[in-house]
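Student: Hi! Could you walk me through a protein model I just opened?
Tutor: Happy to, let's look at it together.

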Amino acid sequence: MSDKVLEERKQSSPECFEHRQQTAAWKCNQCSLFISSQCRPNHDSHQVEQVENMLQNSRQKIVKSVQCLQLSTMVAGILALDDQTKRIRKETELAKEIVNNRKKKLIRKIEQEVKTLNETLDSDTESSGRPVES
Ligand SMILES: [Zn+2]
Ligand SMILES: [Zn+2]
């Protein structure tokens, strides 16, 4: 084991609540106290946990939560991108629809004008009794 890991371990390991100079190897869950091996027999009937395991577990939990966070950030990014794609698609559809509507309206207007023109011509023909030729 390297010095760095040892140093880290010293820093992250809690001390015994009674023997401050000693590193607590155990945690009594019943008393909520960190205890050294020396104090261990006093908590024999209590539920104790090995600090080593606890640290290991919490380290794993941290790694897991970081991975979870990274994953959720990634998923959020994908979702945001998906949202954006959907929005752009929707906007494109909307723009197409507007153009189509305008086209339809224009065609309808032209058709209407042609119809009106024809009707005017027809009524002119009818009123004069004979086709207008010039
Ligand atoms: Zn205890
Ligand atoms: Zn102790």
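Here we go through the model, one topic at a time.

Student: So what am I looking at, and where does the model come from?
Tutor: This is a predicted model. The protein chain has two helices and three strands.

Student: In what order do the elements run from the N terminus?
Tutor: Starting at the N terminus, the order is α-β-β-β-α.

Student: Cool, what do the three strands form?
Tutor: They make an open sheet with antiparallel pairing, and the order in the sheet is β2-β1-β3. Strands β2 (33–35) and β3 (48–50) are at the edges with a single partner strand each, so one side of each has no neighbour in the sheet. From one strand to the next, the twist averages 30 degrees.

Student: What holds strands of a sheet together, in general?
Tutor: Strands in a sheet pair through backbone hydrogen bonds, and the pairing can be parallel or antiparallel.

Student: How many bridges join β1 to β3?
Tutor: Three bridges join those two strands, and they run antiparallel. If you want a spot to click on, K27 sits opposite E49 in β3.

Student: Switching topic: how many of the residues count as buried?
Tutor: The protein chain has 134 residues, and 4% of them count as buried.

Student: Which residues make up the largest nonpolar core?
Tutor: There are six: C16, A24, W26, F34, I35 and C39. As a general tendency, nonpolar side chains in soluble globular proteins are buried together.

Student: And what does C16 touch?
Tutor: Leaving out residues up to four places away in sequence, C16 touches Q22, A24, F34, I35, S36 and C39.

Student: I also clicked on S13. Where does S13 lie?
Tutor: S13 is in the loop between α1 (3–12) and β1 (26–28). With the same sort of neighbours left out, up to four places away in sequence, S13 touches T23, A24 and V51. S13 and A24 are 11 residues apart along the chain, and their C-alpha atoms are separated by 7.0 Å.

Student: Why is S13 called partly exposed?
Tutor: S13 has 15 other C-beta atoms within 10 Å, so it is partly exposed. The label buried needs 20 or more, and exposed needs 12 or fewer.

Student: What about S32, buried or exposed?
Tutor: S32 is exposed, because it has 8 other C-beta atoms within 10 Å. You'll find S32 in the loop between β1 and β2.

Student: Last one: what is phi of S32?
Tutor: Phi is near 55 degrees there, a positive value in a residue other than glycine. Most residues other than glycine have a negative phi.

Technical notes:
Residues numbered from 1 in each chain as written. Chains lettered and ligands numbered in written order. Predicted model: local features only at pLDDT ≥ 70, side-chain atom pairs only at ≥ 80, totals over all residues. Helix = DSSP H or I, 4+ residues; strand = E, 2+ residues; numbered from the N terminus. Core = buried A, V, L, I, M, F, W, Y, C linked by C-beta atoms within 7 Å. Contact = placed C-beta atoms within 7 Å. Pairing = 2+ DSSP bridges. Axes fitted to C-alpha atoms, helices over the stretch in contact; angles between N-to-C directions.
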